[in-house]
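Work through the exercises below with the sequence and the model side by side, trying each task before reading its solution.

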Amino acid sequence: MDDDDMDYLEQAGSEEDYGFEYSDDGSDGDRGADDVENMYYKAKALKEDDPQGALKAFKAIVDSQSQKNDWGFKALKQSTKVHFLILHKPADALKTYTELLSYTKSAVTRNYSEKSINSILDYVGEGGKSGRKKGGQGAKGSVTVDVEVLEKFYEVTREALEGAKNDRLSTKTNLKLAKLWLDKREYGRLTRLIRDLHASIASGEEADQSKGTVLLEIYALEIQMYNETKNYKKLKEIYNATGQVRAAIPHPRIMGVIRECGGKMWMGEKKWSRASEDFFESFKNYDEAGSPQRIQVLKYLVLAYMLMGSEINPFDSQETKPYKSDPQIVAMTDLVDAYHRREVHTAEKILRDHKATIMDDPFIRQYIGDLLRSLRTQYLIDLIRPYTRLELSFLAKQLNIDKDEVEEILIGLILEGKVDGRIDQVGGLLELDRHSPLEKKRYAALEKWSAALEGVHHAIAVKSVTGTGQSGDRMPHMMGMSGPGFEMLL
């Protein structure tokens with residue numbers, strides 16, 4: 001017994017009739033129902049070994065029914081599955097699926113029809129995700145579906161649901177299609193569908209909880225689209241709009257998506273602290289939802305912590321500690337330890353040795369340069385501390401980078417006031433000033449005094465040559481040498 005039969009039995013069991021009535025007149029009808037049931041299960045047994053024979057048997061069941069009933073519905077459901085998943089003929093599956101939808105109004109219960117529709121659209125959608133080539137099967141044996149056929153599946157579904165006045169399932173179907181367009185990077189189709197979704201929830205009470213929940217799902221799709229298309233202005237607009245939705249109980253996965261994209265947005269603005277906050281919230285939501293994306297977001301969280309120069313280990317928190325030994329996280333754990341110890345060479349080795357778990361992620365890869373620069377900067381500050389003069393070539397060798405890159409880092413440190421020194425570009429040297437503030441003031445006073453003496457000497461020499469001026473005239477110049485600088489020398 002497969003999931004289809006389980007779903008049917010569940011919906012049948014929920015409508016038990018305890019008004020027992022027995023009549024001999026219904027024996028022929030019972031025998032007829034038994035015959036159809038036998039035909040159905042015999043047809044199901046042929047699906048794998050003789051799919052064409054199974055299709056003929058299922059069609060015979062549909063044709064044998066004078067009125068649309070549950071056995072006809074189940075036969076069409078199985079026919080759709082055989083066409084799509086076994087024979088890999090999406091166009092033929094669409095025909096049987098379209099016929100199946102006409103049974104949803106009266107032949108089966110609303111709950112069972114919804115489950116069946118969702119089940120079919122799920123595997124159709126999976127085929128659509130892998131459909132990068134024309135014809136045949138996808139890389140992993142899944143069906144390749146042309147975009148036009150895929151869209152038709154959802155179009156006939158939407159028409160049937162509108163006819164049945166099932167607005168709730170119609171909205172869910174549109175959201176499912178929107179997710180599919182996002183996965184296939186069909187941004188034009190996605191934009192139009194999002195516009196329709198916004199229009200569909202525009203009416204209704206402001207405090208409608210279901211409306212707020214759907215709105216957040218739409219925002220989650222939009223924010224992912226703008227993140228992938230690098231439209232950061234619209235991304236920030238949607239991100240801010242999500243904070244205005246009050247009456248909603250969204251699935252934690254939806255909030256995980258929103259906060260993840262928010263974290264990426266802050267990373268783009270180099271606001272590492274804000275990014276770490278959003279990544280942490282995203283991780284908690286994904287963890288609650290049981291989503292595997294929590295591992296990837298945890299890597300982003302670790303990256304943000306290192307970029308902000310935090311001395312706090314992100315794995316010390318109660319939520320992240322259980323994942324410290326995860327095979328996908330071990331490399332990031334080692335990277336954090338190397339960062340805190342300022343071991344730049346160890347960090348570089350970790351990045352080289354764990355390319356698959358760190359460097360293969362395009363988002364992480366674009367910030368590795370910032371991370372290494374931060375680490376090299378800290379390493380450089382520690383390295384030059386005992387010296388007063390160093391060759392730039394020596395520093396470049398220690399950091400295993402070009403001399404020009406060392407010079408660029410040093411210039412930044414000098415301008416920021418983190419290093420007190422100057423660069424001799426001609427000699428290729430870094431000269432550091434190791435004098436204390438008091439010594440600097442004394443040297444400045446001496447320079448001022450020396451300059452004043454030189455001025456007096458020059459004035460005396462000029463007057464001696466010209467023979468002008470009296471000796472008493474020289475005293476004001478000498479008296480002019482008094483001041484704070486001279487008091488400091490005393």
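**Exercises on the protein chain**

Residues 24 or more positions apart account for 62% of the contacts in the protein chain with a separation of 6 or more, a contact being heavy atoms within 4.5 Å. This is a predicted model, in which local features need pLDDT of at least 70 and side-chain atom pairs count only at pLDDT 80 or more, while totals for chains, interfaces and linings use all residues. Residues are numbered from 1 along each chain as its sequence is written, and side-chain values use heavy atoms, with hydrogens and water left out.

**Exercise 1.** Find how many helices and strands the protein chain has, and describe the order of the strands in the open sheet.

*Solution.* Begin with the count, which gives 23 helices and three strands; these are DSSP runs numbered from the N terminus, with at least four residues (H or I) for a helix and at least two (E) for a strand. Next, place the three strands in the order E1-E3-E2, where the pairing is antiparallel, and note that two strands pair if DSSP finds at least two bridges between them. Strand E1 (389-391) and strand E2 (421-424) each have a single partner strand, so one side of each edge strand is left without a neighbour in the sheet. Between E2 and strand E3 (residues 429-432) there are four bridges, and glycine 421 is found opposite leucine 432 in E3. Finally, add helix H19 (residues 392-399), which lies across E1, E2 and E3 and runs at about 65° to E1; here axes are lines fitted to C-alpha atoms, for helices over the stretch in contact, and angles run from 0 to 180 degrees between N-to-C directions.

**Exercise 2.** Identify which residues touch the most other members of the largest nonpolar core.

*Solution.* Such a core is a set of buried Ala, Val, Leu, Ile, Met, Phe, Trp, Tyr and Cys residues joined through side-chain atoms within 4.5 Å, and buried means under 20% relative accessible area (1.4 Å probe, protein chains only). The largest one holds 125 residues, and Tyr97, Met267, Phe279, Ile358, Leu395 and Leu430 touch the most other members. Helix H18 (residues 362-384) supplies the largest share of this core, twelve residues. Leaving aside neighbours within four places in sequence, the contacts of tyrosine 97 include Ile117, Leu121 and Phe153.

**Exercise 3.** Decide where the pLDDT stays under 50.

*Solution.* Start from the mean pLDDT of 81 for the protein chain, pLDDT being the predictor's confidence in each residue, from 0 to 100. One stretch under 50 is residues 8-24, and residues 474-481 are also below 50. Where pLDDT is low, the predicted coordinates should not be read in detail.

Definitions and conventions:
Buried means under 20% relative accessible area, exposed over 50%, partly exposed in between (1.4 Å probe, protein chains only).
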